[in-house]
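Open the model in your viewer and keep the sequence panel beside it. The stops below say what to select and what is there.

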Amino acid sequence: MSAAQSEVQLASSVPVQLLGVDGALVGHPVFSRYVADLSDEVLLGLYRHMVVERRFDVEATSLQRQGELALWVPASGQEAAQVGTIAALESTDRVFPTYREHAMALYRGISAEQLMATFRAAKHTGWDPGKFNFNWYSIVLASQALHAAGWAMGIKQDVSTGALGEGRTADEVVLACLGDGATSQGDVHESMVFASSYQLPVLYFIQNNHWAISVPLKTQSRAPLAHRAAGYGFEGIRVDGNDVLASYAVAKHMAAQIRAGSGPKLVEAVTYRMGAHTTADDPTKYRTDEEVESWKRRDPVARYRKWLEAEGILDQQFVDQVDAEAAQLAADLRTAVHEMEPVDLERVFDTVYAEPHRQVQVEKAWLKDYEAGFAEDQGVEF
Amino acid sequence: MTKEQPTATLAADAAEVVALPLAKAINRAMRDELAADEKTLLIGEDIGALGGVFRVTDGLQAQFGTDRVIDSPLAESGIIGTCIGLAMRGYRPVAEIQFDGFVFPAFNQITTQLAKIHNRTDGAVRVPVTIRIPYGGHIGSIEHHSESPEALFAHTAGLRIITPSSAQDAYWMIRQAIVCPDPVIVLEPKRRYWLKGEVDLGNPAPDAFTAQVLRQGTDVTLAAYGPLVPVALAAAQVAADQGRSVEVIDVRSISPLDDETIAVSAAKTSRLVVAHEAPTFGGFGAEIAARVTERAYHRLVAPVLRVGGFHMPYPPSAQEGRYLPDIDRMLEAVERSFAYQSAGGHR
């Protein structure tokens, strides 16, 4: 074996867990220390973000049912994986999300209105990725895995040339989000090849929610997805994605190693999508009630709340406060959706290119003239 | 092969006119852009120590280092996808796709991502990625090494597509592509890589996104681009010997298309023939024909005629001599254009 190659041990197929399904702490020799000293404020923050996201999800689903959204992509059930992971990162760490990272987006400060622009089909993207270090929702599966690798190449390049941009840091981590279905895409393979070859600071974060629309995990992979990392020469690990403490600890641990120069890492969060893939499908057609019930018993929010209450960290006052905040966000969301102005087609013309393009200019002018013709017809009786 | 010695400074080159093969002109353009802006990077398969399979990047890694002239894994989607991430972070990546027929693994990243990002983000994110693709046939190669995919990209809004036909254009169009804030695909006519021409380093070629009249004429306009421009010029010379005055236009830019220049010429000569190597069916010549017909309908005495490849996969190159448009095929179309008038044209 040459020096340039490395042999990586396969990850345990048993997910890392710090909080049992019963809400009791489970000790772990590596990961417990990452949550041992978390302040009550941080611990309550995790709870708050999960609860708010869940309420947000319910509201968005009902808005779609009422015809206010073109589509909604529920994330209910995946709150712990998302909140735990994003909370473990720095605000300078760039996130390359799928289209289901609502808890992460809200955590980063993207507003309900900005997030909903995509799903009301009012704009393709409602936020400036640069302002939140949070990329657009990637709809062509896995395309973002390569953008993440490229961004990470830029970090290395910035560091090697001493040309870090304003607000950038030398030890940034890039979070490349994926679902279990997307791992079958070739771009994931190519991304992992690039990340490994150039030893890029990428954390691959796969939320394995067991279903790619109607197709089960076993059609995507017969081995734990975390095992794939070993084939590229880097470490992969499975975490209980319904355990917010474990999700936080594992992400913190992996990110710390990446910051220290380890090269890429992979986290497979084993979780479950409680709702439909999107509001356009009917999950009762492809999965059993028994399966859904078994995951309800592993609910990430209920489990964490039980532990917080047992520890005396969470009281009714805070619960009420968070519920009120969540209700307010839901109300704001509804208002924002109703008042949302779609992008003008003129603006769409103007942003196809950064610099003027003859055909776009001609067509924009033609449309203006054409529509002006209708305006002149107003008042004419037919 | 010995490596070319790097030139000491850019300033020393100013106002210099050098005779270079087209490939060397592209090499020089990239060298000058790498020297001018440290955010410019090259990435591609075998572009480092080897200098690319056509040696277009020869000597650049030696001069600028492995961080700025990057040998990529053998993965075209990976090359373009990572270029997007680099561009988002402020870099100006120049990707080399080894051959036309190998761009398709990257087609998704180019068409669903690169082309759409500026629009998708309401103008917040620019992706100034340049994609260099050697294209076209006539090099006697095996399958997938001789294709002309311009129409497949032209149909995607958000991309700019240019194709130089001379060393001077190659030098300046590459430089304009690299500094352009939009994604630019540069289709390089690989059979002309060794075509020598003068490059005026102090005197920019015309805007890369315009067509240029290369030869004045009065009887018929012949529009071509990339590898067929020298063929069109030769055909015009033969036609002149036979008493036909052919105006030759180098289209240069596929997107945007400078239909104005072509339509003005066609209106003047009243006939237009468009030539490209790609198949005519659904080809870019059809777009030129439609636009010029709309603009110059009453001045035309014959339909716009197309000369191009056939509706077949690029044939085994043992047969490419019969497949590719040549001087005779262009002249045949010119004569056909005149035949319309003698059959009762109205002008």
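Start with chain B and its contact map: of the contacts between residues at least 6 apart in sequence, 80% join residues at least 24 apart. The model is predicted, not experimental.

**Chain B as a whole**

Colour chain B by secondary structure; twelve helices and 14 strands should appear. The radius of gyration of chain B is 20 Å, close to the 20 Å that the globule rule gives for 347 residues, so chain B is as compact as a globular protein of that length. Along the principal axes, the C-alpha trace of chain B spans about 65 × 40 × 40 Å. Colour next by burial: buried residues make up 58% of the 347 residues in chain B.

**Two sites in chain B**

Select D200(B), which sits in strand β8 (residues 196–200) of chain B. Is D200(B) buried or partly exposed? D200(B) has 15 C-beta neighbours inside 10 Å and therefore counts as partly exposed, since the buried class begins at 20. Add E16(B) to the selection: E16(B) and D200(B) are 184 residues apart along the chain, yet their C-alpha atoms are separated by 6.1 Å. Apart from neighbours within four places in sequence, the contacts of D200(B) are V17(B) and Q168(B).

Move to S255(B) and P256(B). The peptide bond from S255(B) to P256(B) is cis, with omega near 0°. P256(B) belongs to the loop between β12 (253–255) and α9 (259–269) of chain B. As background, most peptide bonds are trans.

**The interface between the chains**

Show both chains and select the residues in contact across them: 39 residues of chain A are in contact with 37 residues of chain B. On the chain A side, α6 (129–132), α7 (143–161), α8 (186–197), α15 (345–351) and α16 (358–377) each supply at least two residues. Which helix gives the most to the side of chain A that touches chain B? It is α7(A), with twelve residues. By residue class, the side of chain A that touches chain B divides into 16 nonpolar, 17 polar and six charged.

**A helix pair in chain A**

Hide chain B and select α2 (residues 40–65) and α14 (residues 316–339) of chain A. Two packed helices are described by the angle between their axes and the distance between the axes. The axes of α2(A) and α14(A) come within 9 Å and cross at roughly 35°, and the crossing is right-handed. To see the contact, display side chains on both helices; on α2(A) the contact residues include L44(A), Y47(A), V51(A) and R55(A), and on α14(A) they include F318(A), V322(A), E325(A) and L329(A). The residues of this contact divide into 15 nonpolar, no polar and five charged.

Check the length of α2(A) with the distance tool. At 1.5 Å a residue, the 26 residues of α2(A) should span 38 Å, and the end C-alpha atoms are 38 Å apart, which agrees. Just after α2(A), G67(A) takes a positive phi of about 85°.

**A covered helix**

Select α3 (residues 79–87) of chain A. How many of the nine residues of α3(A) are buried? Nine of nine are, and the helix is mostly covered. The buried residues of α3(A) pack against α2, α4 (102–107), β3 (202–208), α11 (244–259), β7 (265–270) and α13 (300–310) of chain A.

**Loop stops in chain A**

Select S138(A), found in the loop between α6 and α7 of chain A. S138(A) counts as buried because it has 22 C-beta neighbours inside 10 Å. Leaving aside neighbours within four places in sequence, S138(A) is in contact with F96(A), P97(A), T98(A), Y99(A), S143(A) and Q144(A). The C-alpha atoms of S138(A) and L178(A), 40 residues apart along the chain, are separated by 9.9 Å.

Finish with two backbone angles. Most residues other than glycine have a negative phi.

- Q199(A), in the loop between α8 and β3 of chain A, has a positive phi near 50°. With 16 C-beta neighbours inside 10 Å, Q199(A) counts as partly exposed.
- I213(A), in the loop between β4 (211–212) and β5 (215–216) of chain A, has a positive phi of about 50°. I213(A) is partly exposed, with 13 other C-beta atoms within 10 Å.

How values were computed:
Residues numbered from 1 in each chain as written. Chains lettered and ligands numbered in written order. Predicted model: local features only at pLDDT ≥ 70, side-chain atom pairs only at ≥ 80, totals over all residues. Helix = DSSP H or I, 4+ residues; strand = E, 2+ residues; numbered from the N terminus. Buried ≥ 20, exposed ≤ 12 C-beta atoms within 10 Å, placed from the backbone. Contact = placed C-beta atoms within 7 Å. Nonpolar A, V, L, I, M, F, W, Y, C, P; charged D, E, K, R; others polar. Rg over C-alpha atoms; globule rule 2.2 N^0.38 Å. Axes fitted to C-alpha atoms, helices over the stretch in contact; angles between N-to-C directions. Left-handed = near helix turned anticlockwise from the far one by under 90°. Expected span 1.5 Å × (residues − 1).
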